[in-house]
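Hi everyone, thanks for making time for this one. I'd like to walk you through a small set of features in the model on the screen, and please keep the viewer open while I talk.

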Amino acid sequence: MIIYDRLWETMRKRGITQYKLITHYGISPAQITRLKRNANVNTHTIDVLCEILNCNVEDIMEHTTASGI
């Protein structure tokens, strides 16, 4: 499972809010919701977030093993 907990911490460190992602950078509110829910997000969105936040993929997402598998 891919989780985006690191995204929120990286955003906090960079001073970028969800509101700013939507209004200034054109990220859709639906994409923000998908990230909050750890739902599927396409690689283009990940690439754009890395560009905006000037970070690497591992700074915004991580893979975890689902318990019981």
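Let's begin in the loop between α3 and α4, which is where Asn 38 is found. One thing to keep in mind throughout is that this is a predicted model. Asn 38 has a phi near 55 degrees, a positive value in a residue that is not glycine. Most residues other than glycine have a negative phi. As for its surroundings, Asn 38 is partly exposed, at 23% relative accessible area.

There is another asparagine to put beside that one. Asn 54 comes after α4, in the loop between α4 and β2, residues 62–63. Its phi is positive too, near 50 degrees. With a relative accessible area of 65%, Asn 54 counts as exposed.

Now let me step back to the whole chain. You'll find 4 helices and 2 strands, and from the N terminus the order is β-α-α-α-α-β. A compact globule of 69 residues would have a radius of gyration near 11 Å, so the 12 Å of this chain agrees with that. Along the principal axes, the C-alpha atoms fill a box of roughly 40 × 20 × 20 Å. Buried residues account for 30% of the 69. If you take contacts between residues at least 6 apart in sequence, 62% of them join residues at least 24 apart. The accessible surface is about 4,700 Å², and carbon and sulfur atoms hold 49% of it.

On to the helix I'd most like you to look at, α4, residues 43–53. Its buried residues are Thr 45, Ile 46, Leu 49, Cys 50, Ile 52 and Leu 53. Why do these sit on the same side of α4? Because they cover an arc of only 165 degrees around the axis. Turn to the other side of α4, and Thr 43, His 44 and Glu 51 are exposed. And what do the buried residues of α4 pack against? Their partners are α1 (5–14), α2 (18–23) and α3 (29–36). At the start of α4 there is also a nice detail: a side-chain oxygen of Asn 42 comes to within 3.0 Å of the backbone nitrogen of His 44.

That brings us to the core. In soluble globular proteins, nonpolar side chains tend to be buried together. Here the largest nonpolar core has 17 residues, and those with the most contacts inside it are Tyr 4, Leu 7, Leu 21, Ile 46, Leu 49, Leu 53 and Ile 60. At least two residues of this core come from each of α1, α3 and α4, with α4 giving the most, 5 residues. If you'd like one residue to click on, try Ile 46: leaving out residues up to four places away in sequence, Ile 46 touches Tyr 4, Val 41, Val 57, Ile 60 and Met 61.

Last stop, Thr 10, in helix α1. Is Thr 10 buried or exposed? Its relative accessibility is 8%, so Thr 10 counts as buried. A polar atom of the Thr 10 side chain lies 2.5 Å from the backbone oxygen of Asp 59. Again leaving out residues up to four places away in sequence, Thr 10 touches Leu 53, Cys 55 and Asp 59. Leu 53, you'll recall, is one of the buried residues of α4.

That's my tour, and I'm happy to take questions.

Key. Residues are numbered from 1 along each chain as its sequence is written. This is a predicted model: local features need pLDDT of at least 70, side-chain atom pairs count only at pLDDT 80 or more; totals for chains, interfaces and linings use all residues. Side-chain values use heavy atoms; hydrogens and water are left out. Buried means under 20% relative accessible area, exposed over 50%, partly exposed in between (1.4 Å probe, protein chains only). The arc is that of the directions from the helix axis to the C-beta atoms. Contact means heavy atoms within 4.5 Å. A polar contact is a pair of N or O atoms within 3.5 Å; within protein, one must be able to donate a hydrogen and the other to accept it, and residues adjacent in sequence count only if both atoms are side-chain atoms. A nonpolar core is a set of buried Ala, Val, Leu, Ile, Met, Phe, Trp, Tyr and Cys residues joined through side-chain atoms within 4.5 Å. The radius of gyration is taken over C-alpha atoms; the globule rule is 2.2 Å times the number of residues to the power 0.38. Accessible areas come from the Shrake-Rupley method with a 1.4 Å probe; for residues, only the protein chains shown count as cover.
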